[in-house]
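Got the viewer open? Load the model and keep the selection box handy. We'll go stop by stop.

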Amino acid sequence: RELEETESKIRRLRDNIQALRTLKTQAEKNIYDLKSFDICPTCKQKVTKDHIHSLSLKDEKNIKDCDHQLSNLEIDLKSVSDLQASLKENVEKLKEMMKEAEIIKIQQDNLANKEEELRTQKKTFNEADKEVLQLKEKKSALENKIAPYAKLSKEYEVLRKESDILQEEEEKLAIE
């Protein structure tokens with residue numbers, strides 16, 4: 001809003017400067033016309049040297065006033081232009097900061113998503129950990145149940161081998 005106001009003020013100052021330059025040019029033309037003609041450009045009558053001098057003084061005063069006002073307006077125009085440049089620079093900085101803020105917001109959203117994903121993975125990991133513990137407990141329980149039969153399995157193997165040997169001996173004896 002301030003930038004728009006300064007742009008509007010600059011337009012008004014330039015319009016005023018242009019109007020004053022036109023007035024100054026008109027006054028300079030009047031002085032030239034008064035010096036070069038014997039007839040008053042305003043009232044179109046023959047003029048005396050005193051009348052020409054008083055009109056010239058009036059126009060010279062108008063020129064000085066215009067110069068003074070032009071000088072003030074140009075100083076104002078420069079300060080408003082400097083303010084406008086500063087505001088434009090601030091607007092650009094704000095735009096850049098808004099872009100950075102948007103990037104930070106996106107990064108925060110991404111971070112929040114990753115944190116949620118991490119929590120989900122931790123939960124899954126904890127559940128898997130519990131399941132592993134349960135399976136270890138079941139394995140241990142099954143090993144305890146099987147432990148008495150482990151000796152039987154070994155005894156069975158030993159007896160089967162003995163049985164195989166005895167069967168071989170029986171076959172040999174049968175053949176003999």
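Is Glu116 buried, partly exposed or exposed? Select Glu116 and show its surroundings: its relative accessibility is 41%, so Glu116 counts as partly exposed. On the scale used here, buried means under 20% relative accessible area, exposed means over 50%, and partly exposed is in between (1.4 Å probe, protein chains only).

Before moving on, some housekeeping. This is a predicted model, in which local features need pLDDT of at least 70 and side-chain atom pairs count only at pLDDT 80 or more, while totals for chains, interfaces and linings use all residues. Residues are numbered from 1 along each chain as its sequence is written, and side-chain values use heavy atoms, with hydrogens and water left out.

**Stop 1: Glu116 and its partner**

Add Arg119 to the selection. Its side chain meets that of Glu116 in a salt bridge, 2.8 Å from N to O. The term stands for a side-chain nitrogen of Lys or Arg within 4 Å of a carboxyl oxygen of Asp or Glu. Both residues sit in helix H2, three residues apart, so about one helical turn separates them. Arg119 is partly exposed too, at 48% relative accessible area. Further along, select Glu157, Arg160 and Asp164: salt bridges that share partners join them into one network.

**Stop 2: zoom out**

Switch to cartoon. The protein chain has two helices and zero strands; helices (H or I, at least four residues) and strands (E, at least two) are DSSP runs, numbered from the N terminus. The radius of gyration is 55 Å, well over the 16 Å that the globule rule gives for 176 residues, so the chain is more spread out than a compact globule. That radius is taken over C-alpha atoms, and the globule rule is 2.2 Å times the number of residues to the power 0.38. Along the principal axes, the C-alpha trace spans about 175 × 35 × 20 Å.

Buried residues make up 14% of the 176 in the chain. Turn on the surface and you have about 15300 Å² of accessible area, 55% of it belonging to carbon and sulfur atoms. Accessible areas come from the Shrake-Rupley method with a 1.4 Å probe, and for residues only the protein chains shown count as cover.

**Stop 3: where H1 meets H2**

Color helix H1 (residues 2-36) and helix H2 (residues 49-175) separately. Now pick Thr6, which is found in helix H1 and counts as buried at 6% relative accessibility. Its side chain reaches the backbone oxygen of Leu3 at 2.7 Å. Leaving aside neighbors within four places in sequence, Thr6 is in contact (heavy atoms within 4.5 Å) with Val80, Leu83, Gln84 and Leu87.

Hop across to Gln84, placed in helix H2. Gln84 counts as buried as well, at 15% relative accessibility. With the same neighbors in sequence set aside, Gln84 is in contact with Leu3, Thr6, Glu7 and Ile10.

Next, select Leu77, also in helix H2 and buried at 15% relative accessible area. Not counting residues up to four places away, Leu77 touches Ile10, Leu13, Arg14 and Ile17. For a sense of scale, draw a distance from Leu77 to His51: these two are 26 residues apart in sequence and 38 Å apart in space, C-alpha to C-alpha.

**Stop 4: salt bridges between the helices**

How many salt bridges does the rule give? The count comes to 12. Go to Glu74 and Arg21, whose side chains meet in one of them at 2.9 Å, N to O. This pair links distant parts of the chain, with Glu74 in helix H2 and Arg21 in helix H1, 53 residues apart. Glu74 is partly exposed at 37%, and Arg21 is partly exposed at 39%.

Then select Asp67 and Lys24, which form a salt bridge with the closest N and O atoms 2.7 Å apart. Asp67 lies in helix H2 and Lys24 in helix H1, so the pair ties together parts that are 43 residues apart in sequence. Asp67 comes out partly exposed at 33%, as does Lys24 at 21%.

**Last stop: a nonpolar patch**

Show the surface again and select Leu142, Ile146, Tyr149 and Leu152, a nonpolar patch with about 430 Å² of accessible area together. Patches are made of residues with over 30% relative accessible area and no salt bridge, with like charges joined within 9 Å and nonpolar side chains (Val, Leu, Ile, Met, Phe, Trp, Tyr) within 5 Å. Finish on Tyr149, which lies in helix H2 and is exposed, at 54% relative accessible area.

Technical notes. A polar contact is a pair of N or O atoms within 3.5 Å; within protein, one must be able to donate a hydrogen and the other to accept it, and residues adjacent in sequence count only if both atoms are side-chain atoms.
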